[in-house]
Amino acid sequence: MLYIPIILGTARVNRQSEKVANFVLQEVRKFGLKSELLDVRDFLVSATDNTQQETITRKLAQKIIPADGLIVVSPEYNHGYPGELKLMLDLLYEEYAKKPIGFCAVSGGQIGGARAVEQLRLVAIELHMVPIREAVYFPDVYKLFENGKIKDTRYYERVKKFLEELSWYAEALKIAREKI
């Protein structure tokens, strides 16, 4: 069974992306993948010099090393993604290499976090990850959920298509990594 953890990329109070992350987690498990939420709050650092943050870095590495891929759920703040997500990603390097990564973006506006995803794709490439083409955008997030449940049923199919692509790459790259 493939293991694809989900990084919840903001530490903000009353974060709406947590609803999205929980929805995606449920769909990942229904799809037949092993997963868990990796909350950026659990990996907060003041700098990426991990000589000062050894325990946190080891804790993150223990989750990323066995991962066959990653999903990042990130809000868009001021045309970018949260700084705490960047700090978390920068704690590791080799552990991310040759693994696929998919993005789910969240915003209160109409664009749905697309600008954050554009930037995250570049960071993922620098970390030697393989960003997949599919992404799932959750615009107007304040209107999308009611009592913790997503109201727009089209998201089930969108997430399924996203997971089909991500799991294809995860399986192919897992086989390739095992040959190294």
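What is the volume of the largest pocket? About 180 Å³. Keep in mind that this is a predicted model. I'll start with that pocket, then go to the sheet, then to two loop residues.

So, the pocket. Its lining is made up of 14 residues. Nearest the centre lie Arg12, Gln16, Pro75, Tyr77 and Tyr142. By type, the lining residues split into six nonpolar, five polar and three charged. Hold on to Pro75, one of the residues nearest the pocket centre. We'll meet Pro75 again in the sheet, where Val106 is its bridge partner.

Now the sheet. It is open and has five strands. The order is 2-1-3-4-5, and the pairing is parallel. Which strands sit at the edges? Strand 2, residues 37-39, and strand 5, residues 130-138. Each of these pairs on one side only. On average, neighbouring strands are turned by 25° against each other, direction ignored.

One helix to point out here is helix 4, residues 114-126. Helix 4 packs on the sheet and touches strand 3, strand 4 and strand 5. Its direction makes about 160° with that of strand 5.

Next, strand 4, residues 100-106. Look at its two neighbours. Strand 3 joins strand 4 through six bridges, and the two run parallel. Strand 4 and strand 5 also pair in the parallel sense, over six bridges. Val106 appears in both pairings. In strand 4, Val106 is the bridge partner of Pro75. Towards strand 5, Val106 stands opposite Phe138.

Is strand 4 buried or exposed? Seven of its seven residues are buried, so the strand is largely enclosed by the rest of the structure. Buried here means under 20% relative accessible area. Both faces are covered. On one side you have Pro100, Gly102, Cys104 and Val106. On the other you have Ile101, Phe103 and Ala105.

Last, the two loop residues. Asn14 is in the loop between strand 1, residues 6-8, and helix 1, residues 17-30. Asn14 is not a glycine, yet its phi is positive, about 60°. Asn14 counts as exposed because its relative accessibility is 67%, and the cut-off for exposed is over 50%.

Then His79. You'll find His79 in the loop between strand 3 and helix 3, residues 83-89. His79 has a positive phi too, about 70°, and is not a glycine either. At 46% relative accessibility, His79 counts as partly exposed.

That's the tour: pocket, sheet, loops.

How values were computed
Residues are numbered from 1 along each chain as its sequence is written. This is a predicted model: local features need pLDDT of at least 70, side-chain atom pairs count only at pLDDT 80 or more; totals for chains, interfaces and linings use all residues. Side-chain values use heavy atoms; hydrogens and water are left out. On a 1 Å grid over the protein atoms alone, a cavity is a set of points where a 1.4 Å probe fits but cannot get out, and a pocket is an open set with protein on both sides within 12 Å along at least five of seven lines; lining residues have an atom within 4 Å of a point. Grid points are joined across faces, edges and corners, and a volume is the space filled by probe spheres set on the points. Ala, Val, Leu, Ile, Met, Phe, Trp, Tyr, Cys and Pro count as nonpolar, Asp, Glu, Lys and Arg as charged, and the others, Gly among them, as polar. Two strands pair if DSSP finds at least two bridges between them. Helices (H or I, at least four residues) and strands (E, at least two) are DSSP runs, numbered from the N terminus. Axes are lines fitted to C-alpha atoms, for helices over the stretch in contact, and angles run from 0 to 180 degrees between N-to-C directions. Contact means heavy atoms within 4.5 Å. Buried means under 20% relative accessible area, exposed over 50%, partly exposed in between (1.4 Å probe, protein chains only).
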